[in-house]
Amino acid sequence: MKIGVAKNKKKIFVSLYKKNIELHPLWLRERVNNQGLLDKNTGQRLYDPADLNHKLKIKKALIKKKLLNVEFTDGIESHYHIDELLEEINKNISNKKIFLWNSRIKNKPFFKFKTDMFNNREGYSFLEKFYKYGFSILKNTPAKKNFIIKFANLIGVVRPTNFGVLFDVKSVRKASDLAYTPHSLSAHTDNPYRKPIPGIQILHCVKNDSEGGHSTLTDGFAVAEYLKKKHKNFFKLLTSVKIRFTFVSKDTILENWGETIELNKNGSLKRVRLSPRLDYVPILKKDQLNQFYKARALFIKLCNSKKFMIQFKLEPGDMLIMDNYRTLHGRTAFNMNIGERHLQGCYIDHDSAESKMKYLKRKFNIYGQS
Ligand SMILES: [Fe+2]
C-alpha cells in the first residue's frame, strides 16, 4: 500500500485493492489532529464533522519524507504521518492476519511468563500471536490458586458469569457441568448459550499429576475452511441453520441461538459454535434435517480428528488462552484415583484484550501488524 499526491497537488491517492483510490478531502479533514480541533486529554473532536463544508477541497498537498502536508480550502493546514495514515487505511481491510493450523502445526505459540511482560514488547508479541493462532500458552506462571484473576486483569477485564469470577475445573461428586467430572470432553466452544458469548477463555493449571487429562485444541476456522472446499453443501447448512443452545440449573436458564459456523457479510469466518451436549436443532423439513445431521456429525468428527486436533498435557504453571470464537477445546478422560488435576478458568472479552494489544502497539510505535 502506498500513498501518493497527484501532479496538480490537489488530490491524494492510495493504492488499495490493486486500484488507486482518491482519499476524500472530508475523510482526511476529519482526521486532522491540530490543537483546538481535538480535546487534549480524550483525543475526541471538539466540533461536529457534519458542520464541515461538504464542498471542502484540498488546496495543496505535499509529501516530504514520512510526512504528508495538507492545506484545505477552509484554511486548516495539517500534517499526517504516512505510517499512521496507512495504519488507519489498513483498518478498513477486514482480512486479519490469521494463521490456520491443524495437527501438523509447527512453532506453537508458547511463551515464558515474565512479571512485567504486559508493560513491554513481549506482551504485544504474546497477544499478536494469540490472535494469529487463536490460542497461546504461557509457561512458568506461578502455579498458585486464584493467580488466574491477576493474570486475566493484566491482559483484559474479567467477565464474571453465574459460575463466578472464576471456576475450578476439578472433579466433584454432584457436578453442575460435565467439565467437573473425570469424563473426556470432546472438542467444543464454551457457553454459546450466553449473550454475548464469552470471547476468550483462560485456563490455568494449578496441579496436574493425574493419569490422562490431556488438553486438546482444534482450529475451528481451519475445519470450516476445509468443509467449504470439500463439502460445500454441508458448509452451507452449518452456516445458515441457527441452533438453540441452552444451560439450565436449579436457578439459572440461559439461552441463545446461532449458526455452527457464522460468517461475516463478506463471507469471511466470524465465529464457530460447537457444544454438542447442549445444542437443540430447530424444526426443519425431514430431508433438510437429514442433511443437517450429517453435516453436524462430519464437523464434530473433523474437530476431534487426528488431522485437526492437537493434544498436550498442561503442566502446573501453564496458562492457556483460547479465542472462544475460533478455537475449540476439550480433554481426554482422567483417573480420579491417581493424582490430582486442578485447573482454574475464567473469561475475558475480546475488546479488553484487543485494547491491551493496541495500547502496547502504540506505546512501542509498532506498525504493520495486527
Ligand atoms: Fe469448556
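**Sheets and a buried helix**

Reader: Let's start small. Which residue in S18 stands opposite Arg244?

Author: Keep in mind that we're looking at a predicted model. Strand S14 takes in residues 242-248, and S14 and S18 run antiparallel, joined by two bridges. Across from Arg244 in S18 you'll find Tyr280.

Reader: Which strands are the edge strands of that open sheet?

Author: The sheet has three strands, in the order S15-S14-S18, and the pairing is antiparallel. An edge strand pairs on one side only, and that leaves us with S15 (253-259) and S18 (279-280).

Reader: There's also an open sheet of six strands; what is its order?

Author: Its pairing is mixed. At the edges, pairing on one side only, sit strand S7 (110-112) and strand S9 (167-169). Reading across, the order is S7-S8-S20-S11-S23-S9.

Reader: By how many degrees are neighbouring strands of that sheet turned against each other?

Author: Here we take the average over neighbouring strands and ignore direction. For the sheet S7-S8-S20-S11-S23-S9, the figure comes out at 25°.

Reader: Within it, what is the bridge partner of His204 in S20?

Author: His204 falls in strand S11, which covers residues 200-208. S11 pairs with S20 (residues 319-323) over five bridges, in the antiparallel sense. In S20, the partner of His204 is Met319.

Reader: Which helix lies across S7, S8 and S20?

Author: Those three follow one another in the sheet order, starting at edge strand S7. The helix in question covers residues 121-133 and runs at about 140° to S8 (135-139). That's H3.

Reader: On to H5: which of its residues are buried?

Author: H5 covers residues 220-230. Here, buried means that 20 or more other C-beta atoms lie within 10 Å of the residue's own. That picks out Gly220, Phe221, Ala222, Val223, Ala224 and Leu227.

Reader: And which helices help cover those buried residues of H5?

Author: The cover includes strands S13 (215-219), S16 (261-263), S17 (269-272) and S21 (327-331). Helices pitch in as well, with residues 232-238 and 286-303. Their names are H6 and H7.

Reader: Zooming out, what percentage of contacts between residues at least 6 apart join residues at least 24 apart?

Author: The protein chain has eight helices and 23 strands, and its C-alpha trace spans about 80 × 55 × 45 Å along the principal axes. Of its 370 residues, 30% are buried. As for contacts between residues at least 6 apart in sequence, the share joining residues at least 24 apart is 74%.

Methods. Residues are numbered from 1 along each chain as its sequence is written. This is a predicted model: local features need pLDDT of at least 70, side-chain atom pairs count only at pLDDT 80 or more; totals for chains, interfaces and linings use all residues. A residue is buried if 20 or more other C-beta atoms lie within 10 Å of its own, exposed if 12 or fewer, and partly exposed in between; C-beta atoms are placed from the backbone. Helices (H or I, at least four residues) and strands (E, at least two) are DSSP runs, numbered from the N terminus. Two residues are in contact if their C-beta atoms, placed from the backbone, lie within 7 Å. Two strands pair if DSSP finds at least two bridges between them. Axes are lines fitted to C-alpha atoms, for helices over the stretch in contact, and angles run from 0 to 180 degrees between N-to-C directions.
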